[in-house]
Amino acid sequence: MTGVSRRAQELGTENAFVVLAEVNELVRAGRDIISFCIGQPDFHTPVNIQDAAIKAIREGKHGYTPSAGIVELRHAVAREISATRGIAVDPADVVIAAGAKPFIGYTVLSVTDFGAGDEVIYPNPGFPIYESQIKANGAVPVPIHLRESRAFNFDPQELADKITPRTRLLILNSPHNPTGGVIPRQDMEAIAEILRKHEQVWVFADEIYGRLVYDGEFASIASLPGMQERTIVSDGCSKTWAMTGWRLGFAANRKLAPFFTTWITNTESCASQISQWAAVEALTGPQDDARRMRDVFFERRNLIVELLNRVPGVTCQSPGGAFYVWPNVTQACALVGAKDSEELRRRLLNEAGVAVLADIHFGPRVPNEGQHIRFSYAASNDAIRKGVARMAEFIEKNKVKRSAAA
């Protein structure tokens, strides 16, 4: 009898897409759902970028490219990373892929050996593909907890305590999905100081939200002394220029670039040439639309934080970046009799028509940190107002029912 590998059976997923499927099913059934579950800008890709893609098609630029990407884009990426991180990046250090996500797996594959006990430290809560790729590629996942008291960052001393001789990789994500937390420069410097004592540890710097910082400044660990050579800077076009479906990401590291290129040859062959030419325009063309979208996200952040903090049983920190909030709903769960955030999430979807994600979609709950849910505020102001109002109404309605029953 044919079988399926344990690796395939245990492969993790990204629950935002699972919940999105639930939402779409309810919408098809005629339900009115306000969705905050998917991390995708609700803007159209800027017209100049669309035009660059159309031009590429008309000019016949729709065949294979070198696996590392077209020269023009690698030069543009090198200039972008050099300018925004304050480091010197050569185009030869840059590799292009079909989105930034593949570089998570390519990095784990390139710096750990399957079944050898090599450890990868990653943030919890965190983007679920981190843990999924660590496990699928035969490394040992070591979560490091992000705490509300630290604006959803980890204590650098906890990192020092978790590093062992078998640690091969540290994953940093700033600004962060799902909390919106931003690692402050002083913490980044402390992390770098710890890593200088452990030369075997690489850093995967997931900086896909790097242009979406609202408080303070964006800090890349690659910019700190001695860190660029051992840091994989990962970024892309999806969030900054509303290009999620174009599938265009890039990474930079001199030593690993040839290995990433070979992985791409083995898997995707190359990123879409059309998307690559669109990305050249995104990086080198006018930035007015990117700045406008960032300003709109900033306005929405302020709106959703203010509204959520008025909801009974909810407290919400103001995140420093990205387009997510991570409200604490411990008391809200108690008010409506939900055993945890996942039950609250399901009831909000099915009873109130509000789609969010629960904390368990981003890893095991952090001990003693309570219950949380994630809102993506890549939604209109009107949707934010209506969605949060529905949540408040749901809590008030069910709180009254429980009191009456008692």
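**Entry 1: cavities**

I started with the second largest cavity, which is lined by P123, L146, F152, N153, F154, I171, L172, N173, H176, G181 and I183. A reminder to myself before going on: this is a predicted model. I noted a volume of about 70 Å³ for the second largest cavity. Which strand gives the largest share of its lining? I found that strand β5 (residues 167-173) does, with 3 residues. By class, the lining of the second largest cavity splits into 7 nonpolar and 4 polar residues, with no charged ones.

Next I looked up the largest cavity, and its volume came out at about 90 Å³. Its lining is made up of P125, L146, F152, W326, D359, G363, P364, R365, V366, E369, G370 and H372. I see L146 and F152 listed for the largest cavity, and L146 and F152 turn up in the lining of the second largest cavity too. Here charged residues do appear: the split is 6 nonpolar, 3 polar and 3 charged. How many cavities of 30 Å³ or more does the structure hold? I get 4.

**Entry 2: the largest pocket**

I moved on to the open spaces. The largest pocket has a volume of about 520 Å³. I count 29 residues in its lining, and E14, K101, F127, K239 and R247 lie nearest the centre. For secondary structure, I noted that α2 (15-28), β6 and β7 each give at least two lining residues. The lining of this pocket sorts into 13 nonpolar, 10 polar and 6 charged residues.

**Entry 3: aromatic pairs**

I searched the whole structure for aromatic pairs and got 11. One of them is F103 with Y106, an edge-to-face pair at 6.0 Å centre to centre, with 85° between the planes. Why are these two about one helical turn apart? Because they sit 3 residues apart in helix α5 (residues 102-111). I checked exposure as well, and both F103 and Y106 are buried.

Then I looked at Y209 and F323, which are also an edge-to-face pair: 5.5 Å between centres and 85° between planes. What does this pair tie together? Y209 is in the loop between β6 (202-206) and β7 (231-236), while F323 is in the loop between α11 (288-308) and β9 (324-325), so the pair ties together parts 114 residues apart in sequence. I have Y209 down as buried, since its relative accessible area is 4%. F323 is buried too, at 0% relative accessible area. I followed the ring pairs outward and found a cluster linking F43, Y209, F297, F323 and Y324.

**Entry 4: charges over rings**

I also checked for charged groups over rings. K61 has its charged end over the ring of W277, at 4.0 Å from the ring centre. R294 lies over the face of F298, and I noted 5.4 Å to the ring centre.

**Entry 5: a loop residue**

Last, I looked up S149, which is in the loop between β4 (140-145) and α7 (156-162). Is S149 buried or exposed? I have S149 as exposed, because its relative accessibility is 70% and the cut-off for exposed is over 50%. I then checked S149 against Q317: the two are 168 residues apart along the chain, and their C-alpha atoms are separated by 9.9 Å.

Conventions. Residues are numbered from 1 along each chain as its sequence is written. This is a predicted model: local features need pLDDT of at least 70, side-chain atom pairs count only at pLDDT 80 or more; totals for chains, interfaces and linings use all residues. Side-chain values use heavy atoms; hydrogens and water are left out. Rings of Phe, Tyr and Trp (its six-membered ring) pair if their centres lie within 6.5 Å; planes under 30 degrees apart count as stacked, over 60 as edge-to-face and the rest as tilted. Helices (H or I, at least four residues) and strands (E, at least two) are DSSP runs, numbered from the N terminus. Buried means under 20% relative accessible area, exposed over 50%, partly exposed in between (1.4 Å probe, protein chains only). A charge sits over a ring if NZ of Lys or CZ of Arg is within 6 Å of the ring centre and within 35 degrees of the ring normal. On a 1 Å grid over the protein atoms alone, a cavity is a set of points where a 1.4 Å probe fits but cannot get out, and a pocket is an open set with protein on both sides within 12 Å along at least five of seven lines; lining residues have an atom within 4 Å of a point. Grid points are joined across faces, edges and corners, and a volume is the space filled by probe spheres set on the points. Ala, Val, Leu, Ile, Met, Phe, Trp, Tyr, Cys and Pro count as nonpolar, Asp, Glu, Lys and Arg as charged, and the others, Gly among them, as polar.
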